[in-house]
Amino acid sequence: MSLGGWASQAAKFFNINAIPRYILINKEGVIVNNNARRPSDPAILNDILQLTEGKK
């Protein structure tokens, strides 16, 4: 966690209220899913492929 803990600017900006928190960000830097699937979830691959193809 960053300095300031849950009250830090980063935690507030990304709406982080638990650890771990997974967020998908597109290549323009826009958050497309602030509650993304865990890396261990097989469905995350499809989410990432759609994001790289510009479908999200």
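In the predicted model, Gly54 is located in the segment that follows helix H2, the helix formed by residues 44-52. With a relative accessible area of 58%, Gly54 falls in the exposed class, because that class begins over 50%. The C-alpha atoms of Gly54 and Leu3, which are separated by 51 residues in sequence, lie 34 Å apart in space. For the C-alpha trace of the chain as a whole, the spans along the principal axes are about 35 × 25 × 10 Å.

Within helix H2 itself, Leu51 may be considered next. The relative accessibility of Leu51 is 15%, and this residue is therefore counted as buried, the limit for that class being under 20%. Leu51 is eleven residues from Ser40 in sequence, and the distance between their C-alpha atoms is 18 Å. Once neighbours within four places in sequence are set aside, Leu51 appears, together with Val32, among the contacts of Asn26.

Asn26 belongs to the loop that joins strand S1, residues 24-25, to strand S2, residues 31-33. Although placed in a loop, Asn26 counts as buried, with a relative accessibility of 17%. A polar contact is made by the side chain of Asn26, which reaches the backbone nitrogen of Glu28 at a distance of 2.9 Å. Asn26 thus combines a side-chain approach to the backbone of Glu28 with contacts to Val32 and to Leu51, the latter a residue of helix H2.

A second asparagine, Asn33, is found in strand S2. Asn33 is partly exposed, with a relative accessible area of 22%, so that its value lies above the limit of 20% under which a residue is called buried. The C-alpha atoms of Asn33 and Ile23 are 5.7 Å apart, while the two residues are ten positions apart in sequence. Ile23 is also one of the residues in contact with Asn33 when neighbours within four places in sequence are left aside, the others being Tyr22 and Leu24. In addition, a polar atom of the Asn33 side chain lies 3.3 Å from the backbone nitrogen of Ala36.

The loop between helix H1, residues 9-13, and strand S1 contains Asn15, and Ala18 is placed in the loop between H1 and S1 as well. The backbone of Asn15 shows a positive phi of about 55°, even though the residue is not a glycine. In general, a negative phi is found for most residues other than glycine. Asn15 is partly exposed, at 41% relative accessibility. For Ala18 the relative accessible area is 34%, which likewise places this residue in the partly exposed class. Ala18 and Arg37 are separated by 19 residues in sequence, and their C-alpha atoms by 14 Å in space.

With regard to aromatic side chains, a search of the whole structure identifies one aromatic pair. The pair consists of Phe13 and Phe14, whose rings are arranged edge-to-face, with a centre-to-centre distance of 4.9 Å and an angle of 90° between the planes. This arrangement is classed as edge-to-face because the interplanar angle is over 60 degrees. The two members of the pair fall into separate accessibility classes: Phe13 is exposed, with a relative accessible area of 61%, whereas Phe14, at 25% relative accessibility, counts as partly exposed.

At the level of the chain, the secondary structure comprises two helices and two strands, and the order of these elements from the N terminus is α-β-β-α. The chain has 56 residues, of which 14% count as buried; Asn26 and Leu51 are among the residues in that class. Of the contacts in the chain with a separation of 6 or more, 7% are formed by residues 24 or more positions apart. The accessible surface of the chain amounts to about 4,300 Å², and carbon and sulfur atoms contribute 56% of that area. Finally, the chain carries 7 positive and 4 negative charges, and the mean positions of the two sets are 8 Å apart.

Methods
Residues are numbered from 1 along each chain as its sequence is written. This is a predicted model: local features need pLDDT of at least 70, side-chain atom pairs count only at pLDDT 80 or more; totals for chains, interfaces and linings use all residues. Side-chain values use heavy atoms; hydrogens and water are left out. Rings of Phe, Tyr and Trp (its six-membered ring) pair if their centres lie within 6.5 Å; planes under 30 degrees apart count as stacked, over 60 as edge-to-face and the rest as tilted. Buried means under 20% relative accessible area, exposed over 50%, partly exposed in between (1.4 Å probe, protein chains only). Helices (H or I, at least four residues) and strands (E, at least two) are DSSP runs, numbered from the N terminus. A polar contact is a pair of N or O atoms within 3.5 Å; within protein, one must be able to donate a hydrogen and the other to accept it, and residues adjacent in sequence count only if both atoms are side-chain atoms. Contact means heavy atoms within 4.5 Å. Accessible areas come from the Shrake-Rupley method with a 1.4 Å probe; for residues, only the protein chains shown count as cover. Lys and Arg count as positive and Asp and Glu as negative; His and the chain ends are not counted. The place of a charge is taken as NZ of Lys, CZ of Arg, CG of Asp or CD of Glu.
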